[in-house]
Amino acid sequence: MRDSLLAAGASGPLSLPPHLLAALVPLLVLVVALDVYCLIDLARAPAMRWGVPKFVWVIVILFISAPIGALAYLFLGRDRSRHPPAPAVPASPALPASPPGQAGQPVLGPAAADGLPVVTTTGLTRDYGGTGLFDVDLLVPAGSVYGLAGPNGAGKTTLLSILAGVRRADRGTVNLAISRRRIAVCPDVPEFDGWLTACEVVDLARSLMGQAPDESAVTASLATAGLADMAAKRVGGFSRGMIQRLGLACALAGDPELLILDEPTSALDPAGRAELLGLVAAMRGRRTVIFSSHILADVQRVADQVGILRGGRLLYQGQTRDLIDTYLKPSWLVRIAGDAGPVAAAMSGEPWVTRVEPAGSDVLRVDATSLAAGERGIPAVIAACGARQVSCEPAAADLESAFLALTGAPAGA
Amino acid sequence: MNLWRLEWLRLIRTPRAVTLLAVFIFFGLVEPVLTRYQSKILAHVGNGVRIVAPPPTPAQGISGYIGEITGIGLIVVVVIAAGALSFDARHGLAIFLRTRVTSIWRLVMPRYTASAAATAAAYLVGMLAAWYETDLLIGSLPAGAVFAGYLCAAVYLAFSVAVTALAASLVRSTLASTGIALAILLVIPIAGTFRAVHDWLPSTLVGAPVELLEGTHRLVHYLPAFAVAVAVSLGALAIAVQRLAAREL
């Protein structure tokens, strides 16, 4: 080849020997192709690493010694992991932080669900030097939605990680009534390869769990998670909320018997939160769900079983309703039609009333010596006054109040 | 979608394949040109100093390519392999993968194979480019020696990817894995200064393509290093899988 080119003479358009020209053309093609590839990639890129403006990379690609500039862009330029800013998470009652090691004995509530336990742990302990998990005896009935509540650092993620099999316990046992292959886990911050589409991610999740390819099942999982329209989009451009939804779609794709969700609503907007909680609540009876949250309103909304962790110890386990009832204060908000003054005066004379004060123009807050005394006495006093009662509801009858009473943390902390 | 297709998509949808090919082909195309015109280039930058050098041999055309590949090329290979093999670097992704696969080997095997195969393919394309340029500018090369040299270099690059897998099992971060793998690969040739072990070290395979072309050695000379590279690669992969399986998230 060299000889034939040499014989062809030296009359090239660039006045270069033809064999040198033949040697340089591939190099030129490579450099131009690489620069074009990088410029197209740059134009399509949603974000640059370290916030470097795109025009800077155009200069680097075109004017830094080829192909060094292009290679520098490929290695350092595009930020393939960054997502657009996450939607704001609505303000919700968060649990007060608690110092580690101040934990009492578990208070075992009455068993609630009819199903046999899917997960039981005995004396589960993982000590990280004073923090971690200590002697946790968990019991999760089949078909229940089990809410694991506790402040940051209470040991929720450690417990879920041990249940999921990605951490080991120092002591204790975990007994699963189902195969590990039937468990799906969705972490609080799911992550996926940004260059895959949502459809491919869910398909991969199914494949990893040993399920046959099924496009309709993938589509159904995405639709359930509210991502039907995003199936063909690459997840690199997804917001945090969408990534969290995709994590749920992956978890559901394998049709698991046990679903472990770690802080599943942490990145969702109010509508997304409500939607996801509705989805979780709808799973009750069909599959077992364990989900952790430091947002007690979420736990109360969907969990029929609740476990309260603090300082690595299980303070309470049982029905959510029982926990609220147990720690419910004998305090009511009574709304009267018209002037509440006479009723307040009558209430203050009763021996079972410890305090009565206005909580608005037509609302009284009544504290009693006991639940029974208040429930009997309030209607009687209103009737005796000839007043008309609009409503009477327990004050602070929620999981947050129960949690604060259980842990002894000050209200509003 | 399975884990093999995932690795294929990782290569073609990220700059991995493009980068590997660009680097290897670039050096394959440019090094023979530099070798051929080295004396003229030096004369232009030598401020009038006349440099007389013997005409380059075809083996020297390939030698420049090998030299760049064992330097910059190896760094690119390790960075790309570490990106695929450090799957614990991202916690959420690690949970997604680890809670679904039945064994870590299922995760490591496609990642190792894809990285090693892509590297070997890129090296081959770069080698063919260097061969084309050398044939055009300097002289022809014996095909048998070229492919025997390719075989040795490909085994060394596969060994380098296995070392990267081992490094990824020692630390979580991609950057740290890259650093450890490169440190190991740089230390091995230093051990080669001891004559007793030189012929047994995998790094001996790096010089094989040039030495085979020059006729200094025959392929059989590299069998000990070849065997050690294969054995150590398998051992490194086994240790990596064992360590990754034992790792907690």
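This passage walks through the contact between two chains, one helix of chain B, the nonpolar cores and one buried alanine in a predicted model.

A good place to start is where the two chains meet. Chain A brings 35 residues to the contact, and chain B brings 32 residues. On the side of chain A that touches chain B, the elements giving two or more residues are helix H2 (18-44), helix H4 (68-77), helix H5 (156-164) and helix H6 (198-208) of chain A. H2(A) supplies the largest share of that side, with eight residues. Sorted by character, the residues on this side of chain A comprise 25 nonpolar, four polar and six charged.

Within chain B, helix H11 (residues 223-246) invites a simple check of its length. Its 24 residues should span 34 Å at 1.5 Å a residue, and this agrees with the 35 Å that separates its end C-alpha atoms. Several positions along H11(B) are buried, among them B:Ala225, B:Phe226, B:Ala229 and B:Ser233. Further along H11(B), the buried residues include B:Ala236, B:Leu237, B:Ala240, B:Val241 and B:Leu244. The cover over the buried residues of H11(B) includes helix H6 (104-137) and helix H7 (143-170) of chain B.

Attention now turns to the nonpolar cores. The largest nonpolar core holds 170 residues, of which A:Leu246, B:Ala165 and B:Leu205 touch the most other members. H7(B) gives the largest share of this core, 16 residues. Because domain 1 (2-77) and domain 2 (107-325) of chain A both give residues to this core, it lies between them. Setting aside residues up to four places away in sequence, A:Leu246 touches A:Pro190, A:Phe192, A:Ala198, A:Val201, A:Ala225, A:Leu227, A:Val235 and A:Phe238. There is also a second, separate core of 15 residues, and its members include A:Ala344, A:Val353, A:Ala368 and A:Ile378.

One last residue rounds off the picture. A:Ala249 sits in helix H8 (residues 240-253) of chain A. A residue is buried if 20 or more other C-beta atoms lie within 10 Å of its own; A:Ala249 has 28 C-beta neighbours inside 10 Å and therefore counts as buried. Apart from neighbours within four places in sequence, the contacts of A:Ala249 are A:Val202, A:Ser221, A:Leu222, A:Thr224, A:Ala225 and A:Leu227. A:Ala225 and A:Leu227 are also touched by A:Leu246. From A:Ala249 to A:Leu16, the C-alpha to C-alpha distance is 61 Å, with their positions 233 residues apart in sequence.

Notes
Residues are numbered from 1 along each chain as its sequence is written. Chains are lettered from A and ligands numbered from 1 in the order in which they are written. This is a predicted model: local features need pLDDT of at least 70, side-chain atom pairs count only at pLDDT 80 or more; totals for chains, interfaces and linings use all residues. Two residues are in contact if their C-beta atoms, placed from the backbone, lie within 7 Å. Helices (H or I, at least four residues) and strands (E, at least two) are DSSP runs, numbered from the N terminus. Ala, Val, Leu, Ile, Met, Phe, Trp, Tyr, Cys and Pro count as nonpolar, Asp, Glu, Lys and Arg as charged, and the others, Gly among them, as polar. The expected span of a helix is 1.5 Å times one less than its number of residues. A residue is buried if 20 or more other C-beta atoms lie within 10 Å of its own, exposed if 12 or fewer, and partly exposed in between; C-beta atoms are placed from the backbone. A nonpolar core is a set of buried Ala, Val, Leu, Ile, Met, Phe, Trp, Tyr and Cys residues joined through C-beta atoms within 7 Å. Domain bounds come from an automatic or database domain assignment.
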